[in-house]
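Here are my notes on this one, in the order I'd go through it at the screen. Have a look at the structure first, then read on.

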Amino acid sequence: LTRDTAMSMLRLLASARTSLSRVVFPIASQLSTASQLHFKVFKKEHEPSLVQSWVTSFPQGHRVGLINLDSSVFDVPLRKDILHRAVVTQRANWRQGTAKTKSRSEVRGGGKKPWKQKGTGRARASSIRSPIFRGGGVVHGPMPRDWSMNMPQKLRHLALRIALSAKLREDALVIVDNLDIPSAKTQTLAKTLQHHAIGETLLITSDPMPANLLRASKNMMGVKALPQAGLNVYDMLKYKTLVLSYDAVQQLQQRLTRDPSFTQEEYMDTLPEVEEVVEE
């Protein structure tokens, strides 16, 4: 190439670079502005949707109305890993950690050398409290320790919401108007559960817990009653059916809702003077 040709090519490249920068940079600024606008437009506040469930009369066993449930509590996708972590944490916190054995230095006695070091033909020994002797110390035995595990509060609440949602999807969640029974006899509660065709059951009531229900459920195998504050993942997975009172549902939704500012006004749509609803 000649010198004039090379200079003309350099001038063309410089002019092309200038024109390209004039076109590209405004487009990039417009794209960044558009992305910010897109983010502002599609960023919405939390608007909880509702799912419905039947409310059953506990003594009679017929449907009395519908209740609206917050989807952030009763419609959460299943996460087995979080449920497993919650159960492991709960079982670990039950451990007392008080198991204790004595080492050779803690066992009483053994201060005298049992026989001389040499000349007996026996193995040398320094104390009869050595682990090789009967009545001696224990090697690597259990010692008091803290087995407790920590789980963040948000994760604990999420595990409860996942378990509640799983029970609702499996048709293992029964919502009743109340869990008040007329007497504290076990036979009364057993007949009521038998009338509802409920087997192993976890009964959750509002705070405070009815005294009759607490006394009647203590002597029943496969039935456990708890206030809503004591609801836990382990018991929900252990018992086949979960029975919630209407007031307990309100308190649980207020405690476990995803948005603390959202306090849902619960209501029940009473059916028009129908004693029992039969599904066809």
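1. Start at Asp235, which sits in helix H7 (residues 233-238). Helices here are DSSP runs of H or I with at least four residues, strands are E runs of at least two, and both are numbered from the N terminus. Asp235 is buried, at a relative accessible area of 5%. The cut-offs: buried is under 20% relative accessible area, exposed is over 50%, and partly exposed is in between (1.4 Å probe, protein chains only).

2. Before going further, the provenance: this is a predicted model, where local features need pLDDT of at least 70, side-chain atom pairs count only at pLDDT 80 or more, and totals for chains, interfaces and linings use all residues. Residues are numbered from 1 along each chain as its sequence is written, and side-chain values use heavy atoms, with hydrogens and water left out.

3. What does the side chain of Asp235 make a polar contact with? The partner is the side chain of Lys224, at 3.0 Å. (A polar contact is a pair of N or O atoms within 3.5 Å; within protein, one must be able to donate a hydrogen and the other to accept it, and residues adjacent in sequence count only if both atoms are side-chain atoms.) The two side chains also meet in a salt bridge, 3.0 Å from N to O. Asp235 lies in helix H7 and Lys224 in strand E5 (residues 223-227), so this pair ties together parts that are 11 residues apart in sequence. Lys224 counts as partly exposed, at 29% relative accessibility. Setting aside neighbours within four places in sequence, Asp235 is in contact (heavy atoms within 4.5 Å) with Leu202, Lys224 and Leu226.

4. On salt bridges generally, the whole structure has 3, taking a side-chain nitrogen of Lys or Arg within 4 Å of a carboxyl oxygen of Asp or Glu. One of them joins the side chains of Arg79 and Asp81 at 2.7 Å, N to O. Arg79 is partly exposed at 40%, and Asp81 is partly exposed too, at 44%. Glu106 and Lys100 form another, with their closest N and O atoms 2.9 Å apart; Glu106 is partly exposed at 38%, as is Lys100 at 41%.

5. Now the inside. The largest nonpolar core has 34 residues, and Phe74, Leu164, Leu231, Leu242 and Leu244 touch the most other members. Helix H4 (residues 153-169) gives the largest share of this core, 7 residues. (A nonpolar core is a set of buried Ala, Val, Leu, Ile, Met, Phe, Trp, Tyr and Cys residues joined through side-chain atoms within 4.5 Å.) Leu231 is worth clicking on: not counting residues up to four places away in sequence, Leu231 touches Leu160, Leu164, Leu202, Ile204, Met236, Leu242 and Leu252. Apart from this core lies another, of 14 residues, including Leu179, Ile181, Leu203 and Ala216.

6. Outside, Met7, Leu10 and Leu13 make a nonpolar surface patch of about 320 Å². Patches take residues with over 30% relative accessible area and no salt bridge, joining like charges within 9 Å and nonpolar side chains (Val, Leu, Ile, Met, Phe, Trp, Tyr) within 5 Å. Leu13 belongs to helix H1 (residues 3-42) and counts as exposed, at 59%.

7. Overall, the protein chain has 8 helices and 7 strands, and 33% of its 280 residues are buried. Of its contacts with a separation of 6 or more, 68% are between residues 24 or more positions apart.

Terms used: Accessible areas come from the Shrake-Rupley method with a 1.4 Å probe; for residues, only the protein chains shown count as cover.
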